[in-house]
Each structure stands twice: as structure tokens, then as C-alpha cells.
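Please open the structure in your viewer and keep the selection tool at hand. The tour below goes from one selection to the next and says what is found at each stop.

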Amino acid sequence: MSALAEDVWIILPPLLIVLGLVGVVVPILPGTLLVLAGVLVWALDEQSTTGWVILTLAVLVAAILIDERENVGRYFADVGVIAAVFCALSLLLGYVVPRA
């Protein structure tokens, strides 16, 4: 594989995932589908058990969110913005701190 093709496999999954996260806020982009596409591209490149397990979990989470899409807005209204920010920060810290 050429260097450019290898770079595409490295850059494409996180780019799709970030675009998908933006798509959650911007209604024009299909956020969930872009995140799933990014995880799929990563799993295809990874070709490991870890990649396939994470892809399976991402598909399950997406299916649950799609099934419960009517209740998600009400849930966030109930728990408030502070709880959502706390969840996002704890997720970020849980990813970054073990790598430091």
C-alpha cells in the first residue's frame, strides 16, 4: 500500500467520527451514521477482535439511540446541561488520563 493510502486509513476514521459528533448538533449531517462509518472504517483497518467488538458495541448503541430518539430530548431536559457536560468530561478524562 502506498503512503497516501496508509494515511487515509489513519485520518479517515477520526474525521468521520468528529463529523458525526458535529452532526449530532447540526441537523443537516447524519451524525449517528457518520460515527458508525468511522468506527467501521477503523475496524476494517484494525482487523482485530477489539475492532469488531467496538464496532458491535457502536452498532448496538446507535440502534438503541435510534429506537429511543423520541425520549432522548426529554431525558436531556430532565437531567440538564450540567449532567451532560459532566458525562462528556468524564468520558474525555477516562480516555486521556490512562494514555498519559
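Select Leu65, Ile66 and Asp67 in H3 together with Arg69, Glu70 and Val72 in H4, and you will see where these two helices meet, a contact here being heavy atoms within 4.5 Å. Helices are DSSP runs of H or I with at least four residues, strands are runs of E with at least two, and both are numbered from the N terminus. The residues of this contact divide into 3 nonpolar, no polar and 3 charged, where Ala, Val, Leu, Ile, Met, Phe, Trp, Tyr, Cys and Pro count as nonpolar, Asp, Glu, Lys and Arg as charged, and the others, Gly among them, as polar.

Before going on, please note that this is a predicted model, in which local features need pLDDT of at least 70 and side-chain atom pairs count only at pLDDT 80 or more, while totals for chains, interfaces and linings use all residues. Residues are numbered from 1 along each chain as its sequence is written, and side-chain values use heavy atoms, with hydrogens and water left out.

Now show H3 and helix H4 (residues 69-96) in full: they pack at an angle of about 85°, with their axes 5 Å apart. The axes are lines fitted to C-alpha atoms, for helices over the stretch in contact, and the angles run from 0 to 180 degrees between N-to-C directions. H3 is therefore roughly perpendicular to H4, given that angles of 65 to 115 degrees count as roughly perpendicular, under 35 as roughly parallel, over 145 as roughly antiparallel and the rest as oblique.

Next, select helix H2 (residues 31-46) and helix H3 (residues 49-67), which pack at an angle of about 165° with their axes 8 Å apart, so that H2 is roughly antiparallel to H3. Among the residues that make this contact are Leu36, Val39 and Trp42 of H2, and Trp52, Leu55 and Ala58 of H3. The contact of H2 with H3 divides into 12 nonpolar, 3 polar and 1 charged residues.

Which residues form the largest nonpolar core? Select Leu36, Val39, Ala43, Leu55, Ala58 and Ala62, the 6 residues of this core, to which H2 and H3 each supply at least two. A nonpolar core is a set of buried Ala, Val, Leu, Ile, Met, Phe, Trp, Tyr and Cys residues joined through side-chain atoms within 4.5 Å; buried means under 20% relative accessible area, exposed over 50%, and partly exposed in between, with a 1.4 Å probe and protein chains only.

Stay with this core and pick Val39, which touches Ile17, Ile54, Leu55 and Ala58, not counting residues up to four places away in sequence. Then move to Ala58 in helix H3, which is buried, with a relative accessible area of 19%. The C-alpha atoms of Ala58 and Thr32 are separated by 9.5 Å, although the two are 26 residues apart along the chain. Val59, also found in helix H3, is partly exposed, with a relative accessible area of 43%.

Go then to Gln47, in the loop between H2 and H3, which has a positive phi of about 50° although it is not a glycine. Gln47 counts as exposed, at 53% relative accessibility.

Finally, zoom out to the whole protein, which has 4 helices and 0 strands and a C-alpha trace that spans about 50 × 35 × 25 Å along its principal axes. Of its 100 residues, 15% count as buried.
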